[in-house]
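The following account leads through one structure, from its interior to its surface. The reader is invited to keep the sequence and the coordinates in view throughout.

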Amino acid sequence: MIESITEATRQTPIVHKTQVLVVGSGPGGLAAAIASSRAGIETTLLERYGCFGGNLTQVGVEGFAWYRHEKTIDSEGIGIEFEERAKSMDFASPEPQSISHAIDGEGFKYVADVLVQEAEITPMLHRTMVSPIVEEGAIRGVIVESKAGREAVLAEVVIDATGDADVACRAGAKVHKTPT
């Protein structure tokens, strides 16, 4: 039984450089990328699937404001904007147990695309992060794989929005997971 394989040294092309790289485009990553770009920072959004939205579009989670009830104080911000945009584009319906709206996952794919385009974010879809690029203790980018092969994306700042701290964990950060 083979227990490990030694890989040959390889040259990986740098295909993109950016100021901020957000890895993962679920609601948190999408919001981080939009906020970064709206602040005037060159931002790239990296996603392993063919659409943005994470659990909203890949899993079918209908929203994240189920807690919103009469007389509750709600936070403002980009999350509420997701729901408002989905409503304005007819991709949301009233949520029966609260005063929020259920977001249509298929429709939100389009909503997310519009938000990314409006914010002038560089999209990078169909790329799986396989390794962080760490220099002097700082994450300077990531290695991705796609049908194009292995590629490097460099950034001044990398935001790990993978949902499971994949970038941080692979960079050697201590990560604690709740047992399932």
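How many residues does the largest nonpolar core have, and which of them have the most contacts inside it? The model is a predicted one, and its largest nonpolar core has 21 residues. Those with the most contacts inside this core are L30, I34, L45, F82, F108 and I121. At least two core residues each come from β1 (14-23), α1 (27-38), α3 (78-88) and α4 (105-118). Helix α4 gives the largest share, five residues. In soluble globular proteins, nonpolar side chains tend to be buried together.

F108 shows how such a core residue is surrounded. Residues up to four places away in sequence being left out, F108 touches L30, G53, L56, T57, F82 and I103. A second core, separate from the largest one, has 11 residues, and L21, M124, V153 and V158 are included in it.

Helix α3 merits a view of its own. Its buried residues are I78, I80, F82, E83, R85 and A86. The elements that cover the buried residues of α3 include α1, β3 (92-94), β4 (101-103) and α4. Two charged side chains, E83 and R85, thus appear in the buried set. Is E83, a residue of helix α3, buried or exposed? E83 counts as buried because its relative accessibility is 3%, under the 20% limit. A polar partner can be named for this residue: the side chain of E83 reaches the backbone nitrogen of H101 at 3.2 Å. Just after α3, the chain passes through D90, which takes a positive phi of about 60°.

Helix α1 holds another buried polar residue, S36. The relative accessible area of S36 is 9%, so this serine is classed as buried. Which residues is S36 in contact with, its neighbours within four places in sequence left aside? The contacts of S36 are with V20, I41 and T43.

The next topic is open space. Rolling a probe the size of a water molecule over the atoms shows where empty space is left. In this model, the largest pocket encloses about 480 Å³. Its lining consists of 24 residues, and those nearest the centre of the pocket are G24, E47, R48, A161 and T162. Two or more lining residues are given by each of α1, α2 (55-59), β6 (128-135) and α5 (166-170). By class, the lining of the largest pocket divides into 11 polar, seven nonpolar and six charged residues.

The backbone remains to be considered. Most residues other than glycine have a negative phi, and most peptide bonds are trans. K71, which is not a glycine, nevertheless has a positive phi of about 65°. The loop between α2 and α3 is the place of K71. With a relative accessible area of 85%, K71 is exposed, because the limit for that class is over 50%. H126 likewise takes a positive phi, near 60°, and is a residue other than glycine. H126 lies in the loop between β5 (122-124) and β6. The relative accessible area of H126 is 52%, so H126 is also classed as exposed.

Methods:
Residues are numbered from 1 along each chain as its sequence is written. This is a predicted model: local features need pLDDT of at least 70, side-chain atom pairs count only at pLDDT 80 or more; totals for chains, interfaces and linings use all residues. Side-chain values use heavy atoms; hydrogens and water are left out. A nonpolar core is a set of buried Ala, Val, Leu, Ile, Met, Phe, Trp, Tyr and Cys residues joined through side-chain atoms within 4.5 Å. Buried means under 20% relative accessible area, exposed over 50%, partly exposed in between (1.4 Å probe, protein chains only). Helices (H or I, at least four residues) and strands (E, at least two) are DSSP runs, numbered from the N terminus. Contact means heavy atoms within 4.5 Å. A polar contact is a pair of N or O atoms within 3.5 Å; within protein, one must be able to donate a hydrogen and the other to accept it, and residues adjacent in sequence count only if both atoms are side-chain atoms. On a 1 Å grid over the protein atoms alone, a cavity is a set of points where a 1.4 Å probe fits but cannot get out, and a pocket is an open set with protein on both sides within 12 Å along at least five of seven lines; lining residues have an atom within 4 Å of a point. Grid points are joined across faces, edges and corners, and a volume is the space filled by probe spheres set on the points.
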